[in-house]
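Q: I would like to learn how to read the place where a ligand meets a protein. Could we go through it step by step?

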Amino acid sequence: MPDSVPLRSALASATSDGIIYDLTGIVQRHDDLLRELPGARVRFAVKACPVDDVLSALGGAGAGFDAAGPYEIAQALRTGVPVERVHYGNTVKSDRDIAEAYRMGVRLFATDSIADVRAIAAHAPGSRVFSRLAVSGSGALWRLTGKFGCSPDEAVEVLDTARSLGLVPAGLSLHVGSQQMTVAAWRNAFDVVAAALAGLVARGIDLDHVNLGGGLPALGYLDRSGRPLRPPLDLILTAIRDGMARLRTVARGPLGFVIEPGRHLVADHGAIRSHVVRLTGRQGRDGRRERWLYLSCGRFNGLYELDQIQYRLEFPGHADGHRVPAVVAGPTCDSDDAFDPGSPVLVPSGLRSGDPVWILSAGAYAVSYTTVGFNGFAPLPYHTVGALPRMAPC
Ligand SMILES: *Cc1c(COP(=O)(O)O)cnc(C)c1O
């Protein structure tokens with residue numbers, strides 16, 4: 001698992017809680033992805049890690065950004081990337097937000113409805129648009145379905161309307177669901193894109209790119225019962241390369257590709273230094289005695305995604321000690337703020353309040369989902385290790 005030496009030594013020297021990101025590891029994962037998908041441009045999904053240094057490192061490595069609104073656009077532009085490398089990837093946007101993005105120089109917008117296309121035509125005239133397609137999301141830990149996307153037929157109507165309103169129909173997009181665990185989901189998604197692309201070709205609309213969205217997995221998660229998840233990354237990347245080749249044969253002209261990784265680039269290169277609040281024993285639900293390990297952070301400050309996964313934990317200084325099963329939970333008065341109570345974790349029996357606990361592969365979405373003071377527990381501060389690269393050319 002890519003828990004790098006710089007990350008581990010930063011964890012070891014931390015004396016208070018925080019999230020630490022390894023910039024070198026993040027940039028390496030970006031470069032690996034470019035090597036695996038020749039011809040694709042990376043647009044990092046800002047919401048997966050809205051940390052200035054992380055965005056600057058990725059921008060410096062040549063990535064652009066998928067931003068969900070003016071606030072994320074501004075943060076992306078602070079890295080110094082040219083605005084051509086930033087798109088407005090949210091299909092949900094107000095007139096004011098469209099106008100603001102246009103004023104900031106953004107000229108590429110996601111859409112999935114005629115109403116939204118009309119708004120873009122009015123407030124961002126002449127811009128390029130791509131239509132988001134709905135796909136099932138099955139096989140993903142977080143499916144992201146229902147709220148976005150149109151059918152292939154609707155996408156043809158939406159992009160045709162865009163053309164008639166003076167916009168440039170530029171692309172199609174999709175999202176297979178976050179932490180997508182199956183190859184089949186990618187194959188099915190390419191079927192949907194191919195159908196839409198064929199419909200567009202028949203209507204005389206030539207696109208310049210397909211945006212393959214996010215969904216590429218983190219490698220270091222455990223499932224809800226504590227077993228390693230092991231996503232089939234190599235098979236997924238092969239399916240994506242095959243799909244890209246297939247779409248190139250459907251399109252009439254040259255077709256570019258964009259990919260919007262979020263989790264895949266940052267999850268395994270971010271880790272949390274937390275501490276033990278207390279290891280206790282108390283009467284459990286069925287009357288038996290249960291041990292609970294309360295940590296200083298949980299769902300509301302760093303570990304939001306406990307609904308689907310467990311994180312790997314390390315207890316420095318207790319490597320060889322006697323271990324006991326305990327339910328792991330966060331510090332708040334919310335009972336959902338816990339690992340699955342049916343799947344206790346083996347923890348050192350000698351843990352004392354204040355002992356450090358490392359939470360690994362916790363770099364994705366942690367900063368975005370952290371609440372500002374739910375129940376009075378502060379968000380975790382964040383730090384980075386590793387050097388920022390110089391800005392690479394597009
Ligand atoms: C959140 C999001 C992503 C990133 O998703 P991951 O599953 O983290 O890779 C990419 N594109 C869009 C449009 C998103 O909303």
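**Reading the ligand site**

A: We can, keeping in mind that this is a predicted model. A good first step is to list the residues around the ligand, and a later one is to look at the pocket.

Q: How many residues surround the ligand, and which are the closest?

A: A residue is counted as near if one of its heavy atoms lies within 4 Å. Here 13 residues surround the ligand, and the closest are Lys47, Ser178, Glu260, Arg263 and Tyr365. Sorted by class, this shell has three nonpolar, five polar and five charged residues.

Q: Which atoms of Ser178, Gly262 and Asp66 should I look at?

A: For polar contacts we look at pairs of N or O atoms within 3.5 Å. A polar side-chain atom of Ser178 lies 2.5 Å from an oxygen atom of the ligand, while for Gly262 it is a backbone N or O atom that lies 3.0 Å from a ligand oxygen. Asp66 has a polar side-chain atom 3.5 Å from a nitrogen atom of the ligand. Taken alone, the ligand exposes 380 Å², and the protein buries 91% of that.

Q: Where does the ligand sit, and what lines that place?

A: The ligand sits in the largest pocket, which holds about 420 Å³ of space. Its lining is made of 28 residues, and Lys47, Asp66, Gly89, Arg132 and His175 lie nearest the centre of the pocket. By class, the lining has 10 nonpolar, 11 polar and seven charged residues. Strand E6 (128-132) and helix H10 (263-266) each supply at least two residues of this lining.

Terms used. Residues are numbered from 1 along each chain as its sequence is written. This is a predicted model: local features need pLDDT of at least 70, side-chain atom pairs count only at pLDDT 80 or more; totals for chains, interfaces and linings use all residues. Side-chain values use heavy atoms; hydrogens and water are left out. A polar contact is a pair of N or O atoms within 3.5 Å; within protein, one must be able to donate a hydrogen and the other to accept it, and residues adjacent in sequence count only if both atoms are side-chain atoms. Accessible areas come from the Shrake-Rupley method with a 1.4 Å probe; for residues, only the protein chains shown count as cover. On a 1 Å grid over the protein atoms alone, a cavity is a set of points where a 1.4 Å probe fits but cannot get out, and a pocket is an open set with protein on both sides within 12 Å along at least five of seven lines; lining residues have an atom within 4 Å of a point. A molecule sits in a cavity or pocket if more than half of its atoms lie within 2 Å of its grid points. Ala, Val, Leu, Ile, Met, Phe, Trp, Tyr, Cys and Pro count as nonpolar, Asp, Glu, Lys and Arg as charged, and the others, Gly among them, as polar. Grid points are joined across faces, edges and corners, and a volume is the space filled by probe spheres set on the points. Helices (H or I, at least four residues) and strands (E, at least two) are DSSP runs, numbered from the N terminus.
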